[in-house]
Amino acid sequence: MADMTIVDIAKLAGVSVSTVSRVLNNHPDVSEKAYKSVTDAIEKYHYVPNNSARNLKRESLKAIAVVIKEFYNNSLFNVMLSIIQHELEQNDYAMILSQVDADEDELAAAISLCKEKKPRGIIFMGGKFHHTKDEFSRVDIPIVVLTIKLDDDVDRESYSSVTIDDYAAGYRVGQIAQEYNHKKMAVIGAGKNDVSVSRLRIDGFRQSLQDRGLYCDEDMVEYAGTYTHKSGYEATRKLLARYDFTFLFCVSDIMAFGAIRAIHDAGLMIPKDISVVGFDGIEEGRYYIPSLATMKQPEVKMAKEGVRIILQNIRNRASTQHQLFHAVFSEGESIAPCST
């Protein structure tokens, strides 16, 4: 198989991209089964990792670090990582991948990575990025935040960004709900204290309802905490126990899949009883039963733009750039006009 990437190896081995990265970098926290699956795939397809630990220690190697938080095998990030790696390789750069768990400090991980691997730049992806201006200034190489909204007090001249207009996308979901004649709404968000991606999507949705005289208070919102199938499932069960609704907006497709299962387990039908709309537009949603209605992010364009910006910042010491993309509604079988 030609032009193998770390994402290809992960799929062939049946593990996450971060697991492949840990095997390549000789991390001890990999199970024997996963280690064998990865090494067998590498040997079978003659994969030569550009970013192995021994190569990355060479200071002369040109490399970009990608620090990704709350990965959870999200296929949106899989696609973006594959594009990022390909674009970097086309420009003679290697990719250093570092996965950070939900409760870890991604900035501290990045600073440690800079000392050990000496990348030329860093791309941050995923998670809820909350750091002060002073903390952020500790990273002295070009930074691009991808799919993340930073706090307003961070100097926009100190980093570049490629993001979705999350507020506008949430607002559009509210309009869609009303176009389908729904009046009783519910929302599943991430962390309650999240002031970035999840909060912007929820605020846009609620404002859309309020602009048309529909009420949407906090009792209609359940905070799942993390972007997982399980968190979506549990949050939906809580909503169903306290509130009667015909439309459910989940701020990620992964949580929407869990929500659909919870609705099914409650003896309700989708979309006859409850319509469900997700966010991201990951490929699995097209093949789900029912296929998922969602706000689709232009992940390929965003990934390419992130690489273009960081390489431009490195090569030309260009000023920071902030690119805002728009999500587009993809209609699926999980939404229908309200019948009541």
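**Reading backbone, sheet, helix and pocket features**

Mentor: Pro290 sits in the loop between α12 (284–287) and β10. The model under discussion is a predicted one.

Trainee: Which residue is joined to Pro290 by a cis peptide bond?

Mentor: As a general rule, most peptide bonds are trans. In this structure, the bond between Ile289 and Pro290 is cis, with omega about 0°. A further cis peptide bond runs from Ile270 to Pro271, where omega is near 5°. Pro271 belongs to the loop between α11 (253–265) and β9.

Trainee: How should the phi angle be read, and what is the value of phi for Asp92?

Mentor: Most residues other than glycine have a negative phi. Asp92 is not a glycine, yet its phi is positive, at about 65°. The residue is placed in the loop between α5 (75–90) and β2.

Trainee: Let us turn to the sheets. In what order do the strands of the open sheet with parallel pairing lie?

Mentor: Strands of a sheet pair through backbone hydrogen bonds, either parallel or antiparallel. Here, six strands form an open sheet with parallel pairing, and their order is β2-β1-β3-β4-β5-β11. At the edges stand β2 (94–100) and β11 (322–325), each of which pairs on one side only. The average turn between neighbouring strands of this sheet is 15°, with direction ignored.

Trainee: How many bridges does the pairing of β1 with β3 contain?

Mentor: Five bridges connect β1 (residues 63–69) and β3 (residues 121–125) in the parallel sense. To locate the register, one may take Val66, which stands opposite Ile123 in β3.

Trainee: Which strands does helix α13 touch?

Mentor: Helix α13 (residues 299–316) packs on this sheet and touches β1, β3, β4 (143–146), β5 (160–164) and β11. Its direction makes about 170° with that of β5.

Trainee: What kind of pairing is found in the sheet that contains β7 and β12?

Mentor: The pairing there is mixed, in an open sheet of six strands ordered β7-β6-β8-β9-β10-β12. The edge strands are β7 (221–223) and β12 (328–330), and each pairs on one side only. From one strand to the next, the twist averages 20°. Within this sheet, β10 (residues 293–296) and β12 run antiparallel and are joined by three bridges. Met295 has Phe329 of β12 as its bridge partner.

Trainee: Which strands do helices α9 and α10 lie across?

Mentor: Helix α9 (residues 197–210) lies across β6 (185–189), β7, β8 (247–250) and β9 (275–280), at about 170° to β6. Helix α10 (residues 229–242) lies across β6, β7 and β8, and runs at about 150° to β6.

Trainee: For two helices, at what angle do α1 and α2 pack?

Mentor: Two packed helices are described by the angle between their axes and the distance between the axes. For α1 (residues 6–13) and α2 (residues 17–24), the angle is about 105° and the axes are 8 Å apart. Angles of 65 to 115 degrees count as roughly perpendicular, and α1 and α2 are therefore roughly perpendicular to each other. Ile6, Val7, Ile9 and Ala10 of α1 make the contact with Val17, Val20, Ser21 and Leu24 of α2. By character, these contact residues comprise seven nonpolar, one polar and no charged.

Trainee: Finally, what volume does the second largest pocket have?

Mentor: Rolling a probe the size of a water molecule over the atoms shows where empty space is left. In this model, the second largest pocket has a volume of about 330 Å³. It is lined by 15 residues, and those closest to its centre are Ile141, Pro142, Asn313, Ile314 and Arg317. The lining divides into six nonpolar, five polar and four charged residues.

Terms used: Residues numbered from 1 in each chain as written. Predicted model: local features only at pLDDT ≥ 70, side-chain atom pairs only at ≥ 80, totals over all residues. Heavy atoms only, no water. Axes fitted to C-alpha atoms, helices over the stretch in contact; angles between N-to-C directions. Helix = DSSP H or I, 4+ residues; strand = E, 2+ residues; numbered from the N terminus. Parallel < 35°, antiparallel > 145°, perpendicular 65-115°, else oblique. Contact = heavy atoms within 4.5 Å. Nonpolar A, V, L, I, M, F, W, Y, C, P; charged D, E, K, R; others polar. 1 Å grid on protein atoms, 1.4 Å probe; cavity = no way out; pocket = protein on both sides within 12 Å on 5 of 7 lines; lining within 4 Å. Points joined across faces, edges and corners; volume = space filled by probe spheres on them. Pairing = 2+ DSSP bridges.
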